[in-house]
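Reader: I am new to this structure. Please take me through one part of it closely, the pocket with the most space, and then show me what surrounds it.

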Amino acid sequence: MGAPNVYAARASQTVPPLSANVLEERASLLSASPLCSGLSRDEVLEIASCARPRAFARDECLFMQGRPARCLVLVRTGSVKITQLSSNGNEVILWMYGRGNVLGVLSEANGGCHPSTARAMEPTTALVWDCAILQSLTEACPRIRQNLSQVLMSRLHELEERFREVATEKVPRRLALALIRLSKHVGKRVQEGVEVSLSREELAQMTGTTLFTISRILSQWDREEFVESRRESVLLRDPQRLQFAGCEA
């Protein structure tokens with residue numbers, strides 16, 4: 001990588017030296033992230049060393065809709081929901097992300113405002129790169145910019161799929177597909193299966209239906225014993241069976 005550019009950007013900040021263990025932990029997280037796809041280990045270590053750690057309390061904003069974009073965020077632990085305010089002030093949940101997901105990605109690396117708000121759903125830690133650092137990194141290693149573009153394309157593809165599902169699939173199938181996706185992004189492996197922490201109201205909003213309908217479907221699946229609906233979460237007892245749930249509806 002073109003280290004001088006990166007070092008020049010880092011020189012404007014006070015970045016304490018990292019221990020070998022901390023750097024290795026960061027590099028391991030980054031290596032599994034789409035942000036560093038195709039990069040060499042030296043490049044990953046350089047990117048890891050440029051990040052600063054942040055901790056967010058439950059309900060704390062990582063960034064806010066309409067505010068200038070000043071950083072890129074990689075979720076380290078915890079989970080984050082992405083929301084957007086409508087013109088009349090109603091908040092809509094767009095999606096949820098967990099460990100390894102990159103947030104705050106814009107089509108322009110420099111400038112622009114966030115189109116949505118990111119809020120911690122639980123105590124969350126993250127790695128953060130300020131815009132100046134990110135700009136230097138992308139200049140030194142153009143593959144990073146390609147990877148960020150790929151992240152945007154993947155999310156656009158997912159949004160297109162979800163839009164098609166709302167237009168063509170019945171509610172049970174939409175709910176099953178949403179839970180499958182969410183289990184991959186924010187699901188937590190527990191002894192009984194995979195737990196997705198979100199309320200029935202949030203599920204109703206994300207699938208374009210009513211609280212009553214979501215409650216009815218989850219209650220039916222609960223009786224069939226492959227899903228358990230809890231107060232603020234859904235336990236997927238048999239994620240494989242969920243793949244076919246709603247197909248017959």
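Author: A term is needed at the outset. A pocket here is an open set of grid points, on a 1 Å grid, with protein on both sides within 12 Å along at least five of seven lines. Its volume is the space filled by probe spheres set on those points. Note also that this is a predicted model.

Now the pocket itself. The largest pocket has a volume of about 670 Å³. Its lining comprises 31 residues. Closest to the centre are Ile-82, Leu-94, Trp-95, Tyr-97 and Leu-159. Which elements give two or more residues to this lining? Two are strands: E4 (80-85) and E5 (91-97). Three are helices: H5 (143-168), H6 (171-186) and H7 (200-207). H5 gives the most, with nine residues. By class, the lining divides into 18 nonpolar, seven polar and six charged residues.

Look next at the two strands. E4 and E5 pair in the antiparallel sense, over six bridges. One pairing can be named: Gln-84 has Val-92 in E5 as its bridge partner. The two strands form a hairpin, with five residues between them. Gly-89 sits in the turn and has a positive phi of about 90°. A general point helps here. In a regular strand, side chains alternate between the two faces of the sheet.

Stay with E4 and pick out one residue. Lys-81 lies in this strand. Is Lys-81 buried or exposed? The cut-off for buried is under 20% relative accessible area. Lys-81 has 14%, so it counts as buried. What does Lys-81 touch, leaving aside its neighbours within four places in sequence? Its contacts are Trp-95, Met-96, Thr-117, Ala-118, Arg-119, Met-121 and Glu-202. Of these, Trp-95 is also among the residues closest to the centre of the largest pocket.

Met-121 and Glu-202 lead to another space. Both are among the residues nearest the centre of the second largest pocket. The others named there are Arg-58, Ser-197 and Leu-198. This second pocket holds about 270 Å³ of space. Its lining has 14 residues. They divide into four nonpolar, three polar and seven charged.

One more strand deserves a look. Six of the seven residues of E3 (residues 71-77) are buried, so this strand is largely enclosed by the rest of the structure. What does E3 pair with? Six bridges join it to E8 (residues 124-130), running antiparallel. There, Val-75 has Ala-126 as its bridge partner. E3 also pairs with E6 (residues 102-103), again antiparallel, over two bridges. In that pairing, Val-73 is partnered by Leu-103.

Finally, step back to the whole chain. The secondary structure comes to nine helices and twelve strands. The C-alpha atoms fill a box of roughly 60 × 45 × 30 Å, taken along the principal axes. For 249 residues, a compact globule would have a radius of gyration near 18 Å; this chain has 20 Å, which agrees. Buried residues make up 47% of the 249. Take the contacts with a separation of 6 or more. Residues 24 or more positions apart account for 72% of them.

Conventions:
Residues are numbered from 1 along each chain as its sequence is written. This is a predicted model: local features need pLDDT of at least 70, side-chain atom pairs count only at pLDDT 80 or more; totals for chains, interfaces and linings use all residues. Side-chain values use heavy atoms; hydrogens and water are left out. Buried means under 20% relative accessible area, exposed over 50%, partly exposed in between (1.4 Å probe, protein chains only). Helices (H or I, at least four residues) and strands (E, at least two) are DSSP runs, numbered from the N terminus. Two strands pair if DSSP finds at least two bridges between them. On a 1 Å grid over the protein atoms alone, a cavity is a set of points where a 1.4 Å probe fits but cannot get out, and a pocket is an open set with protein on both sides within 12 Å along at least five of seven lines; lining residues have an atom within 4 Å of a point. Ala, Val, Leu, Ile, Met, Phe, Trp, Tyr, Cys and Pro count as nonpolar, Asp, Glu, Lys and Arg as charged, and the others, Gly among them, as polar. The radius of gyration is taken over C-alpha atoms; the globule rule is 2.2 Å times the number of residues to the power 0.38. Contact means heavy atoms within 4.5 Å.
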